[in-house]
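Me: Got a minute to walk through this model with me? I'd like to go over helix packing, sheets, pockets and any odd backbone spots.

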Amino acid sequence: MQVIKPKKYFEGEFSLPGDKSITHRAVMLNACANGEAVIENALTGEDCLSTAACMRELGATVRVDGNKIYVKGVSRFESGKRLNCGNSGTTIRLLTGLVAGKGIRAELYGDDSLSTRPMKRVSEPLALLGANVCTTDGKAPLFVSPATLVGREISLQISSAQVKSAILLAGLGADGITRVIEPIKSRDHTERMLQAMGAKLRVDGNAVEIERSELHAIDVSVPSDISSAAYFMALGALKGKTLCKNVGVNPTRTGILTAFDKLGVNYSLLNRHVSGGEEIADILVEQSKLQAIELGGEIIPALIDELPLIALLCAFANGESRIYGAKELRVKESDRIKTTAELINRIGGDCLETDDGFIIVGKPSLKGGRVNSYLDHRIAMTAAVGLIASKDGGEIENAECCAISFPDFFEKLAL
Ligand code: S3P
């Protein structure tokens, strides 16, 4: 159990861990590319280590040294392996597409949380390409068996970068053209990295097309993860002043800044530049008087992982906030509509669960209390922010799950 004391003032400059989505892709794609690559500022949290272990199991050489990952690709994956994806939805979904396109046999499985998450969203579109992917009642374990894939156009019902990426990675090994269309554009790190590695890939608005391609290894310098920076940005807004350095601000990921605009958060982006095909900036946030917001619709995919934290900010804002159109939260590492509402209420806030979001009545101060993370890293870190900003602080049960995406989170908070 982690004890969290309240702080009157929170100030500092922070270097955050590498982006989780980009690290997964850099390891996975270099593991099947020609050549060798070094990935710098990689996230070496548990999720990305699951990807590294799976790629090793398939025959690639992957060596983790501090926050550097060295990868030597393999042209043919080994068939018949059991791939442990741990807690990681990105690992299991992207890898299912990749191995289906390689025409090998594999079993992909994960922990209790991953085994409750929906997998038909990948098996069904992959089947449209001719892949042979069996689920276990729509969930993991997934069983992939060899098949010849033929590209076609697939229109997705939901905007999911994991599903889009699974199809694109399968398309790397399919005959003809594979085209994916999303209702709203989700994070586009897969497209950017595949292009940089020489894949025949074209982007046209919300549609992406890919053809069978060989990949060339590329070194990647991973920007810091805006989803990890978000906790320190929120502490700046609630309690003082924070500067988060070298944060990835790819426009498919910066929905939280739009939410900040609506909430009235005082922030600025400094030192903006592009490196390795991704936009980067330092983000300065200062204490702000927050006002209630309405948030939903097209913006949701660009802030999906930050919604528990945004809901928490609403609990400190003046007025009644409504967040809607976020039903996807129910199928994350926990049911994040339920676990976020419970967290806010446990620390003295007023949050009502709706089918697809929250109604939150803000209060000038929250008392604090004991919160359960339900083994969900984003809930544990959101709870830490809420308790630091609360009157009395409190405790977090199952707080160690932060290691999934942010191994030294509590040390960085300097509690
Ligand atoms: C991710 C996509 C999102 C996000 C997850 C990481 C990715 O999931 O919530 O944390 O790296 O592609 P969905 O594709 O299910 O929306």
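**Helices, sheets and pockets**

Reply: Sure, and keep in mind that the model is predicted. Helix H4 (residues 120-128) and helix H5 (residues 161-171) cross at roughly 35°, and their axes come within 9 Å.

Me: Left-handed or right-handed crossing of H4 and H5?

Reply: The crossing of H4 and H5 is right-handed.

Me: Which residues of H4 and H5 meet there?

Reply: From H4 you have Arg121, Val122, Pro125 and Leu126, and they meet Val163, Ala166, Ile167 and Ala170 of H5. By class, that contact has 7 nonpolar residues, no polar ones and 1 charged.

Me: OK, sheets next. What's the strand order in the sheet with S6?

Reply: That's an open sheet of 4 strands in the order S6-S7-S9-S8, and the pairing is mixed. Strand S6 (81-84) and strand S8 (132-136) each have a single partner strand, so each has one side left without a neighbour in the sheet. On average, neighbouring strands here are turned by 20° against each other, ignoring direction.

Me: How many bridges join S7 to S9?

Reply: There are 3 bridges between strand S7 (residues 106-109) and strand S9 (residues 139-145), and the two run antiparallel. As for one pairing, Glu107 has Phe143 in S9 as its bridge partner.

Me: And what kind of peptide bond joins Ala140 and Pro141?

Reply: A cis one, with omega about 0°. Pro141 lies in strand S9, so that's the S7 partner we were just talking about. For background, most peptide bonds are trans.

Me: Then there's the sheet with S3. What order do its strands take?

Reply: S4-S5-S3-S14, which makes an open sheet of 4 strands with mixed pairing. The edges are strand S4 (61-65) and strand S14 (220-221), each with a single partner strand, so one side of each has no neighbour in the sheet.

Me: How do S3 and S5 run, parallel or antiparallel?

Reply: Strand S3 (residues 36-40) and strand S5 (residues 68-72) run antiparallel and are joined by 4 bridges. Val38 stands opposite Tyr70 in S5. Helix H1 packs on this sheet, where it touches S3, S4, S5 and S14, and the direction of H1 makes about 25° with that of S5.

Me: What about the hairpin of S12 and S13, how many residues sit between the strands?

Reply: 2 residues, and Gly205 in that hairpin takes a positive phi near 60°. Strand S12 (residues 201-204) and strand S13 (residues 207-211) run antiparallel, joined by 4 bridges. One of the pairings has Asp204 with Ala207 in S13 as its bridge partner.

Me: Which residue has a positive phi although it is not a glycine?

Reply: Asn271 does, with a phi of about 50°. The place of Asn271 is in strand S16 (residues 266-275). Most residues other than glycine have a negative phi.

Me: Switching to empty space. How big is the largest pocket in volume?

Reply: The largest pocket comes to about 620 Å³. Its lining has 36 residues, and those nearest its centre are Ser159, Ser160, Ile304, Glu328 and Lys332.

Me: Which helices each supply at least two residues of that lining?

Reply: Helix H1 (20-30), helix H3 (89-102) and H5 each do. The lining of the largest pocket divides into 9 nonpolar, 11 polar and 16 charged residues.

Me: And the second largest pocket, which residues lie nearest its centre?

Reply: Ser75, Gly101, Lys102, Ser213 and Glu214, out of 16 lining residues. The second largest pocket holds about 370 Å³ of space. H3 gives the largest share of its lining, 3 residues. By class that lining has 7 nonpolar, 5 polar and 4 charged residues.

Me: Last one: how many cavities of 30 Å³ or more are there?

Reply: The count comes to 1, and the largest cavity has a volume of about 40 Å³. The residues lining the largest cavity are Asp19, Ile22, His189, Pro223, Gly248, Val249, Asn250, Arg253, Glu278 and Glu279. They split into 3 nonpolar, 3 polar and 4 charged.

How values were computed
Residues are numbered from 1 along each chain as its sequence is written. This is a predicted model: local features need pLDDT of at least 70, side-chain atom pairs count only at pLDDT 80 or more; totals for chains, interfaces and linings use all residues. Side-chain values use heavy atoms; hydrogens and water are left out. Two strands pair if DSSP finds at least two bridges between them. Axes are lines fitted to C-alpha atoms, for helices over the stretch in contact, and angles run from 0 to 180 degrees between N-to-C directions. On a 1 Å grid over the protein atoms alone, a cavity is a set of points where a 1.4 Å probe fits but cannot get out, and a pocket is an open set with protein on both sides within 12 Å along at least five of seven lines; lining residues have an atom within 4 Å of a point. Grid points are joined across faces, edges and corners, and a volume is the space filled by probe spheres set on the points. Ala, Val, Leu, Ile, Met, Phe, Trp, Tyr, Cys and Pro count as nonpolar, Asp, Glu, Lys and Arg as charged, and the others, Gly among them, as polar. A crossing is left-handed if the near helix is turned anticlockwise from the far one by less than a right angle, and right-handed if clockwise. Contact means heavy atoms within 4.5 Å.
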